[in-house]
Amino acid sequence: MESMEVSMEVQTLAGTVEPQFLGSQLPFKLSKDEKKDIKAAVSRASSQHPLLIACGVHELYMPSLYKAVLIEFCATVVFVYFHIAIVNAGISNGSSYPPTAIAFLHALLIPVLILSFGRSSGAHFNSLVTISAVATKHMPVVRGILYVAAQILGAFIGGMCMVVSLSQSQAESSNLGGCNPGSKSGAQALCIEFFTCLLMLIPTYGTAFNEKQRAVYGAVLPPVFIGATIFVMVYSVASLGDPPFTPGGFPNMCLGISLAYSTIVPWNQAFIKMWVYWVGPILAVTVNAVLYGIAPPHHDADDDKEE
C-alpha cells in the first residue's frame, strides 16, 4: 500500500509490500531501523510455512508491532473518553437537535487523532477499519487480531475512565455515549448500521487507502474527508430513531462502552442488541471487499497513459 522501498526478500516472504505498516491512513516512509526490523523478523521466521508468513506471523518477532498495538490502545482510550464527553456535552447543553454539535465535534476530533497517531500505528482506533484492512489484504491477519483486541480493551478502559469522571445521573442521561438502537427493531438497526459502516469505508478506501488519491490530496486531506463523513453520518442517522438512533461505525467502541456502562446499568439496551453493531460492520466489510476486488479504486485511464 505505501510507496516505500523494501527488499524483494521481504516482499516475497511476507506476501505483501509493507507488512509492518499496511493499513495506515497516512503516507510515510520507513526509517532504516524499521527496515532492519522487518528483515530481521522475516529472517527469523523464514523456516515457517509461507501461509503463516502471509498471515503476518513473522511480525510477532518485531518489537515495532507491539509499539503499534500499544499506540492503538492509547489512541482508542483517548478517542472513547472524549467521544463520551462530546455526547454528554451535546445532550446537556439544551440544543434543539444535539446531534449537530456532536457530529461537528467528532468531525474535528477524528482527523486530529488520525494525523497524530497515523505514523505510529495507522491510526485506526476502529475495528471496522482494521477488519476491512485485513479483508482487502492491506494488513496481515495477526496484526489485525492484535489491533482489534487493543481497540476493544482501549474502548473499555476509556469508558471506565468516564464512569469515574461522571456522576451516575450524567452517565445514565447519555447512556455513557454508547451505541443505542433506541426503539428500532433488530432488523431496522442492522440495516442502518450496515449503511453507516459502508459510508465510513468509502472515504477510507477512496482517499486514505488509495495511493494515487493520496498523491493528489496529500497527507492532510484524507483524514479531513473521513471527519466530514463522520459528521454526515452522525447528523443524519440520529434522526432515524425516536429517541435518536445512535450510529455505531465503531464496533469496538460500542462493545467497550457497553461493558463499562454495564457496571452502572446491567444488561443495558445497547448490550442486548450488541450483535447489530458487529454484524452490520462485518456485512459492510464483506460488500466493500467484494467491490474492492471487482472494481478497485484505481485510475485506469492514468494507468493506460503510463503504459
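Helices here are DSSP runs of at least four residues, numbered from the N terminus. With that naming in hand, Ser 174 can be placed in the loop between H8 and H9. The model is a predicted one, and this loop makes a handy way into it.

Starting with Ser 174, this residue counts as buried, at 5% relative accessibility. Setting aside the neighbours within four places in sequence, Ser 174 touches Val 87, Asn 88 and Ile 91. Next comes a pair with an unusual backbone. As a rule, most residues other than glycine have a negative phi. Asn 175 goes the other way, with a positive phi of about 55° even though it is not a glycine. Leu 176 also has a positive value, with phi near 60°. Asn 175 sits in the loop between H8 and H9, and so does Leu 176. Their surroundings are another matter: Asn 175 is partly exposed, with a relative accessible area of 28%, while Leu 176 is buried, at 0%.

Stepping back for a moment, the protein chain as a whole is built from 15 helices and zero strands. It has 307 residues, and buried ones make up 52% of them. Among contacts with a separation of 6 or more, 76% come from residues 24 or more positions apart. As for the outside, the protein chain exposes about 13,400 Å², and carbon and sulfur atoms supply 67% of that area.

Back in the loop, the next stop is a cross-link. A search of the whole structure turns up one disulfide. It joins Cys 179 to Cys 254, with the two sulfurs 1.9 Å apart. Cys 179 belongs to the loop between helix H8 (168-173) and helix H9 (186-208), and Cys 254 belongs to helix H12 (residues 251-261), so the bond ties together parts that are 75 residues apart in sequence. The link of Cys 179 and Cys 254 is left-handed, with -75° about the S-S bond. Cys 179 and Cys 254 are both buried.

What about other cysteines? Cys 197 is buried, with a relative accessible area of 0%. The closest cysteine sulfur to that of Cys 197 is in Cys 254, but at 8.3 Å it is too far for a bond; the cut-off for a disulfide is sulfur atoms within 2.5 Å. Cys 191, for its part, is partly exposed, with a relative accessible area of 42%.

The helix that carries Cys 254 also has a packing partner. In general, two packed helices are described by the angle between their axes and the distance between the axes. For H12 and helix H14 (residues 276-294), the angle is about 170° and the axes lie 9 Å apart. That makes H12 roughly antiparallel to H14, since angles over 145 degrees count that way. On the H12 side, the contact is made by Pro 251, Asn 252, Cys 254 and Leu 255, and on the H14 side by Tyr 277, Trp 278 and Pro 281. Cys 254 thus appears both in the disulfide and in this helix contact. Sorted by character, the residues of the contact of H12 with H14 come out as six nonpolar, one polar and no charged.

Helix H9, on the far side of the loop, is worth a look too. Gly 186 lies in this helix and is buried, with a relative accessible area of 18%; the cut-off for buried is under 20%. Apart from neighbours within four places in sequence, Gly 186 is in contact with Lys 273, Trp 275 and Val 276. With Val 276, the C-alpha to C-alpha separation is 6.8 Å, although Gly 186 and Val 276 are 90 residues apart in sequence.

One last pair of residues brings in another helix. Val 78 is found in helix H4 (residues 63-92) and is partly exposed, with a relative accessible area of 33%. The C-alpha atoms of Val 78 and Ile 157 are separated by 9.5 Å, with their positions 79 residues apart along the chain.

Note on methods:
Residues numbered from 1 in each chain as written. Predicted model: local features only at pLDDT ≥ 70, side-chain atom pairs only at ≥ 80, totals over all residues. Heavy atoms only, no water. Helix = DSSP H or I, 4+ residues; strand = E, 2+ residues; numbered from the N terminus. Buried < 20%, exposed > 50% of the residue type's maximum accessible area, 1.4 Å probe, protein only. Axes fitted to C-alpha atoms, helices over the stretch in contact; angles between N-to-C directions. Parallel < 35°, antiparallel > 145°, perpendicular 65-115°, else oblique. Contact = heavy atoms within 4.5 Å. Nonpolar A, V, L, I, M, F, W, Y, C, P; charged D, E, K, R; others polar. Areas by Shrake-Rupley, 256 points an atom, 1.4 Å probe, with all protein chains shown as cover.
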